[in-house]
Amino acid sequence: TLMSLDDLCDVAEGIGRDALASMMGLLAEDRRGWVGGAPDLILWRRRGSGAGARAEVKCVEVKSANDRLSDQQRAWLLALRDAGVDVVVCKVM
């Protein structure tokens, strides 16, 4: 198993229902157009404990020093950002 159900729930909570709905809408409208280019990593952590706990999520696109974003990767990052998701491009030297 790649993720536990608890981890998946944390990621979904951290991304938020509006952002998830936006991403699912894009995929439903044009699955072929959005199937590639999604970020390489989804990082998450649970902050706090008990009733005040919340999940934080960051989507990361990893690029080598001589690589650049494809148009599809850029589209994903912009769509996620516009939906309120924290996104970042990480250059590996």
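Which residues make the nonpolar surface patch of about 640 Å²? In this predicted model, the patch is built from Leu2, Met3, Leu5, Leu8, Ile42 and Trp44. Two elements, α1 (5-15) and β1 (41-47), each give two or more residues to it. Leu2 sits in the segment before α1. Its relative accessibility is 89%, so Leu2 counts as exposed.

Let's stay with α1 and look at its two sides. Its buried residues are Asp10, Val11 and Ile15. Because they cover an arc of only 125° around the axis, they end up on the same side of α1. That fits a simple bit of helix geometry: with 3.6 residues a turn, residues three or four places apart in an α-helix point the same way. Turn to the face away from the buried side and you'll find the exposed residues Leu5 and Asp6. As for what the buried residues of α1 pack against, that's α2, β1 and β2. Right after the helix comes Gly16, with a positive phi near 95°.

Now for the inside. Nonpolar side chains tend to be buried together in soluble globular proteins. Here the largest nonpolar core has eleven residues, and Val11 and Ile15 are among them. The others are Ala19, Met23, Trp34, Val57, Cys59, Trp76, Ala79, Leu80 and Val85. At least two residues of this core come from each of α1, α2 (17-29), β2 (54-64) and α4 (71-82). It's α4 that supplies the largest share, three residues. For a closer look at one core member, try Ala19: leaving aside residues up to four places away in sequence, Ala19 touches Ala83 and Val85.

Note on methods. Residues are numbered from 1 along each chain as its sequence is written. This is a predicted model: local features need pLDDT of at least 70, side-chain atom pairs count only at pLDDT 80 or more; totals for chains, interfaces and linings use all residues. Side-chain values use heavy atoms; hydrogens and water are left out. Patches are made of residues with over 30% relative accessible area and no salt bridge: like charges are joined within 9 Å, nonpolar side chains (Val, Leu, Ile, Met, Phe, Trp, Tyr) within 5 Å. Accessible areas come from the Shrake-Rupley method with a 1.4 Å probe; for residues, only the protein chains shown count as cover. A salt bridge is a side-chain nitrogen of Lys or Arg within 4 Å of a carboxyl oxygen of Asp or Glu. Helices (H or I, at least four residues) and strands (E, at least two) are DSSP runs, numbered from the N terminus. Buried means under 20% relative accessible area, exposed over 50%, partly exposed in between (1.4 Å probe, protein chains only). A nonpolar core is a set of buried Ala, Val, Leu, Ile, Met, Phe, Trp, Tyr and Cys residues joined through side-chain atoms within 4.5 Å. Contact means heavy atoms within 4.5 Å. The arc is that of the directions from the helix axis to the C-beta atoms.
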